[in-house]
Amino acid sequence: MAFVECNFFADTLGFATQVNVILPEAPKRLIGMDGKSHDAPPSVLYLLHGLSDDHTIWMRRTSIERYAAAHGIAVVMPNGGRSFYRNVTPFMRYWDFLSEELPQKMHSFFRLADDREHTFAAGLSMGGFGALKLGLNHPERFAAIAALSGAFGFEWFRGAGAEFDFAVGSPEKLQGTEDDLPFQAEKCVKSSQKLPLIYQSCGTEDSFFEINCQYHAMLTDLGFSVDWRPRPGKHTWDFWDEEIQKVLDFLPIPEK
């Protein structure tokens with residue numbers, strides 16, 4: 001795999017930002033790791049970080065490069081700050097960055113598949129919220145999404161005080177917006193779009209376990225195909241390191 005650290009200016013954010021990108025290759029003389037590569041542009045996974053992390057964290061805490069190599073998939077890991085991938089101000093439009101500007105920039109910089117069947121999103125905690133948000137708001141663009149220990153709902157975040165007011169404001173004002181995941185799920189089902197496949201997991205000792213159970217029930221009741229995998233575990237990287245491997249196995253990556 002090739003690993004690229006990319007710095008560029010984001011118009012939606014008003015400042016320079018970073019994204020780490022893994023690109024498939026099939027070297028003939030590399031010791032200890034095989035890789036897959038094809039003539040066609042590779043499938044792409046947008047992989048999102050949690051609240052306390054950044055675009056480097058998946059590379060630092062897991063072997064995502066090695067795991068992705070076996071699947072021949074590109075992985076895009078952006079920096080979402082502590083934004084919950086929301087437009088937190090008119091000048092820090094992280095949702096517009098993630099959903100619009102980032103894919104445009106990545107396809108202009110790199111050779112990546114741009115059709116729905118080859119495009120996926122996943123994330124942990126805050127990134128799990130972001131991945132589900134991407135898939136439910138844009139079912140026409142994502143064939144599958146994965147939420148690991150998803151930080152769904154915002155009630156738990158109220159203890160952050162001023163940061164909560166800045167990042168979220170009033171949860172009531174989010175109703176009917178792109179951040180209202182139950183609303184977007186219902187809208188998705190009522191549309192003529194094909195529903196994305198969903199992988200969802202959470203540790204049974206995780207403080208987000210109950211909200212994940214509620215979201216699993218909501219999604220399945222609406223008719224989504226959800227691969228729900230609760231198992232013993234906490235809100236920790238040993239859990240997510242195992243889960244991201246299962247996510248890559250779950251993704252319906254088309255054969256070239």
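This section describes the sheet, the helices packed on it, and the side-chain contacts of a predicted model.

The core element of this description is an open sheet of 8 strands, arranged in the order β1-β2-β4-β3-β7-β8-β9-β10 with mixed pairing. The edges are occupied by β1 (2-10) and β10 (226-231), and because each of these has a single partner strand, one side of each is left without a neighbour in the sheet. On average, and with direction ignored, neighbouring strands of this sheet are turned by 15° against each other.

At the β1 edge, the partner strand is β2 (residues 15-23), which runs antiparallel to β1 and is joined to it by 9 bridges. The two strands form a hairpin with 4 residues between them, and Gly 14, which lies in the turn, has a positive phi of about 80°. Within this pairing, Glu 5 stands opposite Asn 20 of β2, while Phe 9 stands opposite Ala 16 of β2.

Two helices may be described in relation to the sheet. Helix α4 (residues 126-137) lies across β3 (44-48), β7 (119-124), β8 (144-148) and β9 (197-203), and runs at about 155° to β7. Helix α8 (residues 237-250) also packs on the sheet, where it touches β3, β7, β8, β9 and β10, and its direction makes about 160° with that of β9.

Aromatic contacts were examined next, and a search of the whole structure finds 9 aromatic pairs. In one of them, the rings of Phe 8 and Phe 97 have centres 6.3 Å apart and planes at 25°, so the pair is classed as stacked, the limit for this class being under 30 degrees. This pair links distant parts of the chain, since Phe 8 belongs to strand β1 and Phe 97 to helix α3, 89 residues apart. Phe 8 counts as buried at 8% relative accessibility, and Phe 97 is likewise buried, with a relative accessible area of 2%. A second stacked pair is formed by Phe 209 and Trp 228, with 6.2 Å from centre to centre and 20° between the planes. Because Phe 209 lies in helix α7 (residues 209-222) and Trp 228 in strand β10, this pair ties together parts that are 19 residues apart in sequence. Returning to the ring of Phe 8, one aromatic cluster is formed by Phe 8, Phe 97, Phe 109 and Phe 110.

Helix α7 also contains Asn 212, a residue that is buried, with a relative accessible area of 0%. The side chain of Asn 212 reaches the backbone oxygen of Phe 208 at 2.8 Å. When residues up to four places away in sequence are not counted, Asn 212 touches Ser 149, Gly 150, Phe 152, Gln 200, Ser 201, Cys 202 and Trp 228.

Charged side chains were treated in a similar way, and a search of the whole structure finds 10 salt bridges. In helix α3 (residues 94-109), Glu 101 and Lys 105 lie 4 residues apart, about one turn of the helix, and their side chains meet in a salt bridge with an N to O distance of 2.9 Å. Both partners fall under the 20% limit for burial, because Glu 101 has a relative accessibility of 7% and Lys 105 one of 18%.

A further salt bridge, at 3.0 Å from N to O, is found between the side chains of Arg 229 and Asp 227. Here Arg 229 counts as partly exposed at 31% relative accessibility, and Asp 227 also counts as partly exposed, at 22%.

In helix α8, Lys 246 and Glu 243 are 3 residues apart, about one turn of the helix, and their side chains meet in a salt bridge at 3.4 Å, N to O. The two partners fall into separate accessibility classes, in that Lys 246 counts as partly exposed at 27% relative accessibility, whereas Glu 243 counts as buried at 0%. Through salt bridges that share partners, Lys 246 and Glu 243 are joined with Arg 231 and Glu 242 into one network.

Notes. Residues numbered from 1 in each chain as written. Predicted model: local features only at pLDDT ≥ 70, side-chain atom pairs only at ≥ 80, totals over all residues. Heavy atoms only, no water. Pairing = 2+ DSSP bridges. Axes fitted to C-alpha atoms, helices over the stretch in contact; angles between N-to-C directions. Contact = heavy atoms within 4.5 Å. Salt bridge = Lys/Arg side-chain N within 4 Å of Asp/Glu carboxyl O. Buried < 20%, exposed > 50% of the residue type's maximum accessible area, 1.4 Å probe, protein only. Phe/Tyr/Trp six-rings, centres within 6.5 Å; stacked < 30°, edge-to-face > 60°. Polar contact = N/O pair within 3.5 Å; in protein donor to acceptor, adjacent residues only side chain to side chain.
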